[in-house]
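Visitor: I am new to protein models. Could you show me how to read this one?

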Amino acid sequence: MRYAMAIDTKKCVGCSDCVVACQTENNVPIGYCRDWVVEVTDGTYPQLEIEIRSERCNHCDNSPCVRCCPTGASHYEEGGVVLVTPHKCIGCGACIASCPYDARYSHPDGYVDKCTFCIHRIRKGEQPACVAVCPTKCMYFGDLDDPNSAVSKVLKKRKFKTLIPEAGTQPHVYYLI
Amino acid sequence: MREEIITSGRMNPHIDPHLEIWHWHIPLYLFLGGLAAGILFFAGLYTILGKEEKFAGAVRRAPVIVPFLLVIGLGALFLDLRHKLYFWQLYTTIKLQSPMSWGAWTLMGITPLSFVWAAIHIREFFPKWKWKFGFLEELEKFFVQQKQVLAWIMVILSVILGIYTGILFSAFNARPLWNTSILGPLFLTSGLSAGAAVIILFSRTHHERISLAKIDVMLIGIELFLIVHMFMGFLASTQVQIDAANLFLGGPYTAPFWGFVVVMGMLLPAVLEFLELRKFKIPVIIPVVLVLFGSLMLRFIIAYAGQMSRWLY
């Protein structure tokens, strides 16, 4: 089993519903976010292209955060989901510094926090909150090992990229382009 | 003109607009840890070589300050933790891939060792010192007998401690400036140089001072060589590492790095120590303070500049 997410940059309108849904579902402290929207405008005026991406932890296969954690608080869960165990985290900040995506933050309660792929929802057979609320249905979630999952199907059909694969992290959030 | 404009909706405290997760605690600790490693390395080395009498400053006197350095350093590390009450989790596991885990366990070994070493040499400073309890006298006798063993452990642990202060940074490929294996040897050399400088302060014989000044000049030479290599490596690497190097080659850290670290902290003390070796009269405190200042600034600048270097936006 390998959980992954695919996000369609051609459909995303940058409404930030995913951000709000995540904050509500996961009780993210005010002023923080586990996912966020990035808008990249590229080109020479007036020939401009815009790409909108909803970004989050990439739940990498080769996670620098898991590697550098001195206590084992950062670890892999089923399906390759990268999680933090709050009562094992000492708040040293090593994993925050180690993430090339800057997907982690220090929770006001002291431990490190990040996207969990809504593992509590997946275990109940539901979709992650961000995927569930997306009004343009631009996000696909599922098991890469299952050829019939939404994410496997869309990755077969479409061209995609990952963010900074050259960092060697083997990320598992795919952007359809 | 082709342009790229990136707008991000993320504004997490200490993460955006650029990483600021580590403040003064970490570089201060890295400086104190490196300095402690330097002093203990020379103390152990001269004991093993059987030159305790000739190098009494290195073996018996300077190591007395090491427990203080390490305790202050550990205090700074503790203050840096944001989930402080769980710090003991460090000692429930050994993570071979995590430099921080290595460091925590090394400190667990070298801190008590530094206390023992300082205790068996306390009569250097208090000749009439008496332990209050009999068992402490016995313990002291035991450790004095085992001094060679202690010295060996100390040399090995101090090299690990010195090099780990650099590897702590270089293991992070997310921060291109830190992601160079030169940092380990560079911080080790800088720690040894700072250690040698402090020993010069504690030394009472001309011979010892001259020997350590020679070693220090040599170490500074190695540091300069490593710094040049670090930048050569960056400039021949990927765009993110070229950008990282440019923080020091025209960017905001240019003046502090070349001015404070290289000129004031390395070239100037090296010249002063060289002149001293040529029989010029120079107050010994000046090069020592400059070396310590350079060593501290090196860690502060690398720590802060590293957090500014990034991959994405």
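We go from whole chains to sheets, then to the contact between chains, then to helix pairs.

Visitor: What should I know before I start?

Guide: This is a predicted model: local features need pLDDT of at least 70, side-chain atom pairs count only at pLDDT 80 or more, and totals for chains, interfaces and linings use all residues. Residues are numbered from 1 along each chain as its sequence is written, while chains are lettered from A and ligands numbered from 1 in the order in which they are written.

Visitor: How many helices and strands does chain B have?

Guide: Helices (H or I, at least four residues) and strands (E, at least two) are DSSP runs, numbered from the N terminus. Chain B has 11 helices and 1 strand. Its pattern along the sequence is β-α-α-α-α-α-α-α-α-α-α-α. Chain A comes to 6 helices and 10 strands.

Visitor: What radius of gyration does each chain have?

Guide: The radius is taken over C-alpha atoms, and the globule rule is 2.2 Å times the number of residues to the power 0.38. With 177 residues, a compact globule would come near 16 Å; chain A has 16 Å, which agrees. For the 313 residues of chain B, the rule gives a value near 20 Å; chain B has 21 Å, which agrees. Look at the spans too. The C-alpha trace of chain A spans about 50 × 40 × 35 Å along its principal axes. For chain B the spans are about 80 × 55 × 25 Å.

Visitor: Now the sheets. What is the strand order in the sheet of 4 strands?

Guide: Two strands pair if DSSP finds at least two bridges between them. This open sheet in chain A has the order β8-β1-β10-β9, with mixed pairing. Its edge strands are β8 (139–143) and β9 (160–161) of chain A, each pairing on one side only. From β9(A), 2 bridges lead to β10 (residues 173–176) of chain A, and these strands run antiparallel. There, A:K161 stands opposite A:Y175 of β10(A).

Visitor: Which helix packs on that sheet?

Guide: Helix α6 (residues 150–157) of chain A does, touching β1 (3–8), β8, β9 and β10 of chain A. Its direction makes about 115° with that of β8(A). Axes are lines fitted to C-alpha atoms, for helices over the stretch in contact, and angles run from 0 to 180 degrees between N-to-C directions. Touching has a cut-off as well: two residues are in contact if their C-beta atoms, placed from the backbone, lie within 7 Å.

Visitor: What is the order of the open sheet of 3 strands?

Guide: The order is β3(A)-β2(A)-β1(B), with antiparallel pairing. So two chains contribute strands, as the order β3(A)-β2(A)-β1(B) shows. The edge strands are β3 (47–55) of chain A and β1 of chain B. Neighbouring strands are turned by 15° against each other on average, direction ignored. Within chain A, 9 bridges join β2(A) to β3(A). One pair there is A:V37 with A:S54. Across the chains, 6 bridges join β2 (residues 36–44) of chain A to β1(B). A:E39 has B:T7 as its bridge partner.

Visitor: How many residues are in contact between the chains?

Guide: 38 residues of chain B are in contact with 43 residues of chain A. On the chain B side, β1 (3–8) and α4 (99–120) each give two or more residues. The largest share, 5 residues, comes from β1(B). By class, this side has 19 nonpolar, 13 polar and 6 charged residues. Ala, Val, Leu, Ile, Met, Phe, Trp, Tyr, Cys and Pro count as nonpolar, Asp, Glu, Lys and Arg as charged, and the others, Gly among them, as polar.

Visitor: How do I read two packed helices?

Guide: Two packed helices are described by the angle between their axes and the distance between the axes. Take α1 (residues 25–48) and α3 (residues 66–80) of chain B: they pack at about 155°, with axes 8 Å apart. They are therefore roughly antiparallel. Angles under 35 degrees count as roughly parallel, over 145 as roughly antiparallel, 65 to 115 as roughly perpendicular and the rest as oblique. Among the residues that meet are B:L32 and B:A36 in α1(B), and B:L69 and B:G73 in α3(B). This contact has 15 nonpolar, 3 polar and 1 charged residues.

Visitor: At what angle do α10(B) and α11(B) pack?

Guide: Helices α10 (residues 254–277) and α11 (residues 285–308) of chain B pack at about 155°, with axes 8 Å apart. These two are therefore roughly antiparallel. The contact includes B:F260 and B:M264 of α10(B), and B:L290 and B:G294 of α11(B). By class it has 17 nonpolar, 3 polar and 1 charged residues.
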